[in-house]
Amino acid sequence: FKRDQIFQIINKEREVNHLSDYDLLLCCAVCLFENISQREDKNILIVCSNSVSGDIGVILAELLAKKTSKEVGLAHFYWDNCNLKGLIENTNIKVYSSLKEIKQQISANNLIVDCMFSIELKENVFYPFDLFIDWINDSANYVIAADLPSGIDCDDGSVLFKAVKANETIA
């Protein structure tokens with residue numbers, strides 16, 4: 001499928017089932033949750049941006065924190081501008097928003113979940129996300145990508161400057 005076709009499917013699903021934007025994000029987060037909650041990994045870092053994929057990551061973090069005993073961290077460089085900050089107020093989720101903290105957490109965690117861009121990316125990966133991709137790829141951690149590894153163009157499969165090398169993709 002091409003990006004436009006995927007968005008047509010999403011819009012049709014929203015219309016037919018009377019789903020809100022949040023409902024659609026929650027459906028995506030639940031798919032990720034069902035897989036990740038079954039894994040033995042105890043420490044999880046969800047790497048987000050201010051995008052739809054990033055919102056899915058925040059919802060996933062909330063689900064994992066409230067329904068499992070896993071240690072959950074969010075790497076979110078633009079946390080102050082995140083629409084869904086309120087979701088995790090009463091959880092033990094740690095939010096890392098400085099480059100230094102994010103770099104340390106990427107190298108320290110057992111499982112990385114890539115929720116940076118997915119199908120939304122149409123142009124080259126930009127700062128600081130190019131750094132995040134390098135750090136993720138240089139780590140020995142298992143990496144799960146949400147929908148599509150960040151940095152891959154969903155229309156033609158090309159790499160948009162840099163791309164996450166995911167061990168697994170969950171769509």
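Let us start at His-76, a residue of strand β2 in this predicted model. Is His-76 buried or exposed? His-76 has a relative accessible area of 0%, and because buried means under 20%, it counts as buried. If you look around this side chain in the structure, you will find that His-76 touches Cys-48, Ser-49 and Asn-50. Its contacts also include Val-58, Cys-82, Tyr-96, Ser-97 and Ile-102, leaving aside residues up to four places away in sequence.

The strand that holds His-76 is a good next stop. Five of the six residues of β2 are buried, so β2 is largely enclosed by the rest of the structure. Which strands pair with β2? One is β1, which runs parallel to β2 and is joined to it over six bridges. Within that pairing, Ile-46 faces Leu-74 of β2. Another partner is β3, made of residues 94–96, which pairs with β2 in the parallel sense over three bridges. Here Ala-75 has Tyr-96 of β3 as its bridge partner. You have met Tyr-96 already, as one of the residues touched by His-76.

Now follow the chain through β1, α3 and β2: together they make a right-handed β-α-β unit.

From β1 we can step across to β4. Strand β1 covers residues 43–48, and five bridges join it to β4 in a parallel arrangement. One pair to look for is Val-47 with its bridge partner Asp-114 in β4. How many of the residues of β4, which spans 111–115, are buried? Five of its five residues are buried, and the strand is described as mostly covered. Both faces share in this: Leu-111, Val-113 and Cys-115 are buried on one side, and Ile-112 and Asp-114 are buried on the other.

Asp-114 deserves a pause. This residue of β4 has a relative accessibility of 1%, and therefore counts as buried. What does the side chain of Asp-114 meet in a polar contact? The partner is the side chain of Ser-150, at 2.6 Å. Beyond Ser-150, Asp-114 touches Val-47, Ile-144, Ala-145, Ala-146, Leu-148, Pro-149 and Val-164, again not counting residues up to four places away in sequence. For a sense of scale, pick out Gln-8: it is 106 residues from Asp-114 along the chain, and their C-alpha atoms are separated by 24 Å.

Moving on from β4, we come to β5, residues 142–146, which pairs with β4 in the parallel sense over four bridges. Leu-111 stands opposite Tyr-142 of β5, and Val-113 has Ile-144 as its bridge partner there. Four of the five residues of β5 are buried, so β5 is largely enclosed by the rest of the structure. β5 also pairs with β6, residues 168–170, in the parallel sense over three bridges. In that pairing, Ala-146 is set opposite Ile-170.

A helix belongs to this part of the story too. β4, helix α5 and β5 form a right-handed β-α-β unit, with α5 covering residues 129–138. Which residues of α5 are buried? They are Phe-129, Asp-130, Phe-132, Ile-133, Trp-135 and Ile-136. A general point about helices helps in reading such a list: an α-helix has 3.6 residues a turn, so residues three or four places apart point the same way. The buried residues of α5 pack against β1, α4, β4 and β5.

Finally, let us look at how nonpolar side chains gather. The largest nonpolar core has 29 residues, and Leu-32, Ile-36, Ile-46, Leu-60, Leu-64 and Leu-74 touch the most other members. The elements giving two or more residues to this core are α2, β1, α3, β2, β4 and β5. Which element gives the most? That is α3, with eight residues. To see the core from one residue, take Leu-64: it touches Phe-33, Ile-36, Ser-37, Ile-44, Ile-46, Lys-70 and Val-72, not counting residues up to four places away in sequence. Apart from this core lies another, of 19 residues, among them Leu-45, Ala-75, Val-143 and Leu-160.

How values were computed: Residues numbered from 1 in each chain as written. Predicted model: local features only at pLDDT ≥ 70, side-chain atom pairs only at ≥ 80, totals over all residues. Heavy atoms only, no water. Buried < 20%, exposed > 50% of the residue type's maximum accessible area, 1.4 Å probe, protein only. Pairing = 2+ DSSP bridges. Right-handed = clockwise from strand over helix to strand, strands pointing away. Core = buried A, V, L, I, M, F, W, Y, C linked by side-chain atoms within 4.5 Å. Contact = heavy atoms within 4.5 Å. Polar contact = N/O pair within 3.5 Å; in protein donor to acceptor, adjacent residues only side chain to side chain.
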